[in-house]
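The following exercises are to be worked with the sequence and the coordinates at hand. Each task is followed by a solution in steps.

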Amino acid sequence: MVGKTYALYRKDYHSELRTRYAVNSLAMFIIVAISVILFSIGNEQITQSLTSGLFWVVIFFSAMSGLARAFVSEEERGTSLLLHLIAAPSTIFSGKLLFNLILVFCMNIIIAVLYTALFDAFIIRNFALFAVSFILGNIGLAVASTIIAAIISKAGAKGTLYPVLSFPILLPLILTSVQLTLYSNQGSSFADAKFELAIVLCYDVIMLTGSFMLFDFVWKD
Amino acid sequence: MKNKYLFGGLIIVIFLGFMAYLFTQSNIKYESDFAKVMKEQKVVKATGSWVKDKSYVMDIQNRVFSFYMEDADGHQMKVVYNGSMPNNFASAQSIVVTGEYKDGCFQATNILTKCPSKYEGQNVQAVKTSNL
């Protein structure tokens, strides 16, 4: 299973390198969104809570623009039947999840670096708290967006359906992550953020078990 | 195969319950020592009483209400609240303000007043005897 998962990841990685569809759309979105925010702020002094909110707005919409590719590309190229033949549903989901996880981590690290470089109010004062909340938030984002991508891949009007379906599912994660980012920017300790960290951890566990259970039904169709 | 769904469903239910419980928990702590409130500079619920000797300002046009509060040890601080003065403010025994100490005064987002109860056992007894 692990070998097949890795092989699926390698397949996605190589086909991504050939087309660079997801990477390009992610990069374009990040650059456009951050520069628009920067231009509109100008010389204005913005608060820390606003910056951490904007940070997750950019993350949410860039995830929406790039992560649906995992399953949509299989449907578009008509290769999903072949995947049915060669691997079990849970293996396929693990492979796609691994690819999306790596994509989400690369994307969010770039966004975080750009934010620290470009925004005066975005200063990470408690780096350990930021790292923990960042990793937990990214795992939740990757899992949720992978299962939603699988659900919408067979539907028409994928581009609109994806953010619409993702929004209610990702809302608790985004709200708590905004709060956690704010805490790490204010330099609060782990004790202050323990409720939020526990909420994000619960969210990750729920999404992981839920998506591995439901993927069988989504995929067998 | 069936066990997988049972087990997974159980995990989801347990963690959903835990998450719902966590969502109801508030991170805002009660603080009755104003020296700590002034030093820590984070959102707290400060409890104390209104200093009636010091002047209070009710700016109706800008809807800003400011007054002085005092804790049990006699520390005083100025509280600024964006809104009108609560109705039963003058008769309050103690006040709970939610907010953050910033720029030399406490910026309150919410004021709760604790009033003496109208219905006290002794009074009822007194009324009864007077009626007889």
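## Exercise 1: The sheet of chain B

B:V44 stands opposite B:G99 in β6(B). The model is a predicted one, in which local features need pLDDT of at least 70 and side-chain atom pairs count only at pLDDT 80 or more, while totals for chains, interfaces and linings use all residues. Residues are numbered from 1 along each chain as its sequence is written, and chains are lettered from A and ligands numbered from 1 in the order in which they are written.

**Task.** Starting from the pair B:V44 and B:G99, trace the strand partners of β2(B) and β6(B).

**Solution.**

1. Set out the elements: chain B has three helices and seven strands, where helices (H or I, at least four residues) and strands (E, at least two) are DSSP runs numbered from the N terminus. Along the sequence their order is α-β-α-β-β-β-β-β-β-α.
2. Take β2 (residues 44–50) and β6 (residues 94–102) of chain B: the two run antiparallel and are joined by five bridges. Strands are said to pair if DSSP finds at least two bridges between them. A further position in this pairing places B:T47 opposite B:V96.
3. Look for other partners of β2(B). Strand β1 (residues 30–31) of chain B runs parallel to β2(B), with two bridges, and B:Y30 faces B:K45. β4(B) runs antiparallel to β2(B), also through two bridges; here B:S49 is opposite B:E70.
4. Continue from β6(B) to β7 (residues 105–114) of chain B: nine bridges pair them in the antiparallel sense. B:K102 stands opposite B:C105, and the hairpin has two residues between its strands, with B:D103 at a positive phi near 50 degrees.

## Exercise 2: Positive phi in two loops

**Task.** Where do A:R20 and B:R63 lie, and is each buried or exposed?

**Solution.**

1. Locate A:R20: this residue belongs to the loop between α1 (2–19) and α2 of chain A. Its phi is positive, about 55 degrees, although A:R20 is not a glycine.
2. Locate B:R63: the loop between β3 (57–59) and β4 (64–70) of chain B holds this residue. B:R63, likewise not a glycine, has a positive phi of about 50 degrees.
3. Apply the burial scale, on which a residue is buried if 20 or more other C-beta atoms lie within 10 Å of its own, exposed if 12 or fewer, and partly exposed in between, with C-beta atoms placed from the backbone.
4. A:R20 counts as exposed because it has 11 C-beta neighbours inside 10 Å. B:R63 counts as exposed because it has 11 C-beta neighbours inside 10 Å.

## Exercise 3: Helix packing in chain A

**Task.** Describe how α3(A) packs against α8(A), and which residues make the contact.

**Solution.**

1. Obtain the geometry: helix α3 (residues 48–66) and helix α8 (residues 158–186) of chain A pack at about 145 degrees, their axes 9 Å apart. Axes are lines fitted to C-alpha atoms, for helices over the stretch in contact, and angles run from 0 to 180 degrees between N-to-C directions.
2. List the contact, two residues being in contact if their C-beta atoms, placed from the backbone, lie within 7 Å. From α3(A) the participants include A:F55, A:W56 and A:F60, and from α8(A) they include A:L170, A:I174 and A:V178.
3. Sort them by class: 10 are nonpolar, nine polar and none charged. Ala, Val, Leu, Ile, Met, Phe, Trp, Tyr, Cys and Pro count as nonpolar, Asp, Glu, Lys and Arg as charged, and the others, Gly among them, as polar.

## Exercise 4: Cores and the chain interface

**Task.** Which residues have the most contacts inside the largest nonpolar core, and how many residues of chain A are in contact with chain B?

**Solution.**

1. Identify the core, a set of buried Ala, Val, Leu, Ile, Met, Phe, Trp, Tyr and Cys residues joined through C-beta atoms within 7 Å. The largest has 47 residues, and A:L141, A:V143, A:A144, A:A149 and A:Y203 have the most contacts inside it.
2. Assign its sources: α7(A) gives the largest share, 11 residues.
3. Follow A:Y203: beyond its neighbours within four places in sequence, this residue contacts A:G140, A:P172, A:L173 and B:M19.
4. Turn to the interface: 11 residues of chain A are in contact with 12 residues of chain B. The side of chain A comprises eight nonpolar, two polar and one charged residues.
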